[in-house]
Amino acid sequence: MTTDSTLRFGAQTDEVTSLLRIVNLVRTGEATTRPEIGRLTGLGRGVVTQRVDQAIQMGFLGDGEFGASSGGRAPRTLRFRSEQGRIIVCALGALHIRVGYAELDGDIIDQRHREWDIARGPAETLKAAMELLDDLLGSAAELPVWSVVVGVPGPVDFESGQPVAPPIMPGWNGSDIRTPFEERFDAPVWVDNDVNLLALGERARRRDAYADLIYCKIGSGIGAGLLSQGRIHRGANGAAGDIGHVRVPDSDALCRCGKVGCLEAVAGGWALIRDAELAIKEGATGPLATSVEKGQPLSPEGIALAAISGDALAVRLLQRSARVVGESIAALVNMFNPGIIVIGGAMASAGEVYLAEVRQRVYELSLPLATRDLRILLSVNDEREPLRGGAELAREQLFEATFPRWFAQGKPGPIKTLTLS
């Protein structure tokens, strides 16, 4: 039998390749017994037994219950030992921090949340995130951390894990997010745009490994996560899907990025708050105006809920937002031809008030062939979705992208270790 050291330092041999495949077949549920593994891989019974025993010895697989008999002795099932490690996800939003952890099967076990303004900068924000994680993990069973994923509301260079000129994150450009988490958890750390995590969460929830899907988050800011055949399209520098800064014709609204006429400056949550305050100052009436007069602060969620209740000002603001968002999404539909568009974020909580207007503009402005089988849906609006998406990203990177580099060690190390292996 090949030793661990040979597996670790040797070439990618047929033995190593077959062992990796067997672990992943069991992990994904494609095969649960030794005979099934043999049929899918074409390996002989003796070789399958040897590889499975090796995977069990290394801690990746374990014996499960007995399966159904096909006439002879019932086969013993196999299971992936998802309980052996932990995935940590830190989802940073414009106005909040959410952290959680999952086992290696991706199911979120527990989470914590706090309100936070990301404009306070990287040092304060990462410190607050670590404190939240300490609180979360203090009540959890001790398990080794296999991966950390951090989501941020802005473009990210995925290779370096650094934000790239994020418009709503002053002071974050080029900041080192990865190192503090690597030093804290001695595990690989991946950083990505928060909307990409939401798109991956949709892929996992739908169990569609080959989805052509666009997730549009319409919250305080606006962004899109693009899935092509189940893979995130990040672009050359991580800016793919940043539709919030597409130019809206005839708009002179000043955006937070410093430019004029951006989609976010017309249709984003903060723009709706700005326009609602102006309209109320100029004499608009209704429940939304009354709440402001009573000293209640405006929020994108509050405007969405007021629209559901029929507040005329809120309905007008949301319909205008949905109209221009639909026009930008139509351009994406013509270019990427997705099968599903998911609308999420604070505006999605307005339901059909918002979605109907988006649908109308997309179908009006997109090519008939591109919309023939297109579905435009609301997200499940579950607060755990970015955490689930982060766990999905970790599983993808651990067991597809980097698995051959670290599996003989039994546990992955920081990114630099994976690179040097």
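This passage walks through two sheets, a pair of helices and a few single residues of the structure above.

The model is predicted, so local features are reported at pLDDT of at least 70 and side-chain atom pairs at pLDDT 80 or more, while totals for chains, interfaces and linings use all residues. Residues are numbered from 1 along each chain as its sequence is written, and side-chain values use heavy atoms, with hydrogens and water left out. Helices (H or I, at least four residues) and strands (E, at least two) are DSSP runs, numbered from the N terminus.

A convenient place to begin is the helix pair α3 and α4. Helix α3 (residues 34-41) packs against helix α4 (residues 45-58) at an angle of about 115 degrees, and their axes lie 10 Å apart. Here axes are lines fitted to C-alpha atoms, for helices over the stretch in contact, and angles run from 0 to 180 degrees between N-to-C directions. The crossing of α3 and α4 is right-handed; by convention, a crossing is left-handed if the near helix is turned anticlockwise from the far one by less than a right angle, and right-handed if clockwise. On the α3 side, the contact (heavy atoms within 4.5 Å) is made by Arg34, Ile37 and Gly38, and on the α4 side by Val48, Val52, Asp53 and Ile56. These residues divide into four nonpolar, one polar and two charged, where Ala, Val, Leu, Ile, Met, Phe, Trp, Tyr, Cys and Pro count as nonpolar, Asp, Glu, Lys and Arg as charged, and the others, Gly among them, as polar.

Arg34 and Ile56 turn up again around Asp63, since Asp63 is in contact with Arg34, Ile56, Arg76, Thr77, Leu78 and Arg79, leaving aside its neighbours within four places in sequence. Asp63 sits in strand β1 (residues 61-66). The side chains of Asp63 and Arg34 are joined by a polar contact of 3.3 Å; such a contact is a pair of N or O atoms within 3.5 Å, and within protein one must be able to donate a hydrogen and the other to accept it, with residues adjacent in sequence counting only if both atoms are side-chain atoms. Asp63 and Leu78 are 15 residues apart along the chain, yet their C-alpha atoms are separated by 4.7 Å. With a relative accessible area of 42%, Asp63 is partly exposed, because buried means under 20% relative accessible area, exposed over 50%, and partly exposed in between (1.4 Å probe, protein chains only).

Next come the sheets. Strands of a sheet pair through backbone hydrogen bonds, either parallel or antiparallel; two strands pair here if DSSP finds at least two bridges between them. One open sheet has five strands in the order β5-β4-β3-β6-β9, with mixed pairing. Its edge strands are β5 (108-115) and β9 (189-193), each of which pairs on one side only. On average, neighbouring strands of this sheet are turned by 15 degrees against each other, direction ignored. Within the sheet, β3 (residues 86-92) and β4 (residues 96-103) pair in the antiparallel sense over seven bridges, and Cys90 stands opposite Val99 in β4. Helix α6 (residues 178-185) packs on the sheet and touches β3, β6 (145-152) and β9, its direction making about 155 degrees with that of β6. Helix α15 (residues 385-401) also packs on the sheet, touching β3, β4, β5, β6 and β9, and its direction makes about 130 degrees with that of β3.

Another open sheet, again of five strands with mixed pairing, runs in the order β12-β11-β10-β13-β14. Strands β12 and β14 (375-378) stand at the edges with a single partner each, so one side of each is left without a neighbour in the sheet. Helix α13 (residues 352-365) packs on this sheet, touching β10, β13 and β14, and its direction makes about 160 degrees with that of β14. Strand β10 (residues 213-218) is mostly covered, five of its six residues being buried. On one hand, β10 pairs in the antiparallel sense with β11 (residues 222-228) over six bridges, and a hairpin joins the two through three residues. On the other, β10 pairs in the parallel sense with β13 (residues 340-344) over five bridges. Strands β13 and β14 run parallel, joined by four bridges, and Ile340 stands opposite Arg375 in β14.

Two loop residues deserve a brief note on backbone geometry. Most residues other than glycine have a negative phi. Gln229, in the loop between β11 and β12 (231-232), has a positive phi near 50 degrees and is partly exposed at 44% relative accessibility. Asp250, in the loop between β12 and α8 (263-267), has a positive phi of about 70 degrees and is exposed, with a relative accessible area of 81%.
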